[in-house]
Amino acid sequence: MANLNIALIGECMIELQEVNGVLRRTFGGDTLNTAIYLSRLTSGKDVNVSYVTALGQDKISQEMIDAWGAEGIDAQFVQRSETRQPGLYMVETDATGERSFLYWRDAAAAKFWLETASDELIESLLKQDVIYLSGISLAILPPASREKLYDLLARYKAAGGKVYFDNNYRPKLWNSVEEAAEGFKRILSVTHTGLLTFDDEQALFGDTTIAQCIERTRALGVQEIVIKQGGGECLIITADASISVAAQKVAPENVIDTTAAGDSFAAGYLSKRTLGESSVAAAEKAHQVASTVIQHKGAIIDMQYIAPFVD
């Protein structure tokens, strides 16, 4: 068994994108992007990265699992439904290069992973050293499953587990701002480290200052707060210190695709912090990885560009 076991919860969907008049099929998802980059960055360490989700019995689901295995991701927590398949989304790009998305995910297998999870799977998940999830991981679940997740993570925290949560707020996935705000507060109350994009916090809670975000998140019991500000510095707040870590500057003309900027930042941070290195070293690695990813097209870039950051 690896010295460190990290499980990431979420959804992987089929992606359709028109390229020169032809639909190109790939797959992706926010926490899956993080899992792939995390697996790559820790490939030289004794770390086991697992993905927690549900898929179908179909050919594309198997292709996903095979691709994850090629990236070194453990599929022990992937359930296979006989009646459901992965969700689907289509990327549309306008004349200015701005992307928009159409989603078909209401009946996706991942939405119901907690309803079909066995007691053995849950107990095994509770034994992981770190559990990572995002606001999207939470948003896709039906209300009853969200309650199960809150209870599961509360048990996990009480047993000494560390939850890392990336806010990743997507308004269209929630019935209301109020529902989302309540869900985020519930998750943050069992979170050890919060990776919070300040723009998302403003949209959700109406913050006008970072101090408001820090005060609310501290009051919920989060021990380590990382506030991300796009291409700007990130702030790290703990009980003992407040530290600013500058971003890696990228010339505007070199920014090609920001799709997985936050996902890869999270992977860089986890790759250092979960192995006991300082929050500053973790943030520096996170900035390095994210600034590299946005200079290439696609959420998952070629390994050759990530190789320099593998310890």
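1. Contact here means heavy atoms within 4.5 Å, and the structure to which this is applied is a predicted model. On that basis, D30, N33, T34, Y37, L38 and L41 of helix 1 meet D263, S264, A266, A267, G268, L270 and S271 of helix 10. Sorted by class, the residues of this contact comprise 6 nonpolar, 5 polar and 2 charged.

2. As for the geometry of that pair, helix 1 (residues 30-41) and helix 10 (residues 261-273) have axes 8 Å apart and pack at an angle of about 40°. Helix 1 is therefore oblique to helix 10, and the crossing in which helix 1 passes helix 10 is right-handed.

3. Helix 10 also contains F265, and a reader may ask whether this residue is buried or exposed. Its relative accessible area is 5%, and because buried means under 20%, F265 counts as buried. Leaving aside residues up to four places away in sequence, F265 touches V226, K228, C234, A283, A286, H287 and A290. F265 and D46 are 219 residues apart along the chain, and their C-alpha atoms are separated by 21 Å.

4. A second helix pair is formed by helix 8 (residues 198-205) and helix 9 (residues 210-219), whose axes lie 10 Å apart and which pack at an angle of about 80°. Helix 8 is therefore roughly perpendicular to helix 9. The residues that make this contact are F198, E201 and F205 from helix 8, together with I210, C213, R216 and T217 from helix 9; by class they are 4 nonpolar, 1 polar and 2 charged.

5. Turning to the strands, which residues of strand 9 lie on each of its faces? On one side are V130, Y132 and S134, on the other are I131 and L133, and all of these are buried, so that both faces of the strand are covered. In a regular strand the side chains alternate between the two faces of the sheet. Counted over the whole of strand 9 (residues 130-134), 5 of its 5 residues are buried.

6. Strand 9 has pairing partners that deserve to be traced in the model. Strand 1 (residues 4-9) runs parallel to strand 9 and is joined to it by 3 bridges, with I6 standing opposite V130 of strand 9. Strand 10 (residues 162-166) also pairs with strand 9 in the parallel sense, in this case over 5 bridges, and here Y132 stands opposite Y164 of strand 10.

Key: Residues numbered from 1 in each chain as written. Predicted model: local features only at pLDDT ≥ 70, side-chain atom pairs only at ≥ 80, totals over all residues. Heavy atoms only, no water. Buried < 20%, exposed > 50% of the residue type's maximum accessible area, 1.4 Å probe, protein only. Helix = DSSP H or I, 4+ residues; strand = E, 2+ residues; numbered from the N terminus. Pairing = 2+ DSSP bridges. Axes fitted to C-alpha atoms, helices over the stretch in contact; angles between N-to-C directions. Parallel < 35°, antiparallel > 145°, perpendicular 65-115°, else oblique. Nonpolar A, V, L, I, M, F, W, Y, C, P; charged D, E, K, R; others polar. Left-handed = near helix turned anticlockwise from the far one by under 90°.
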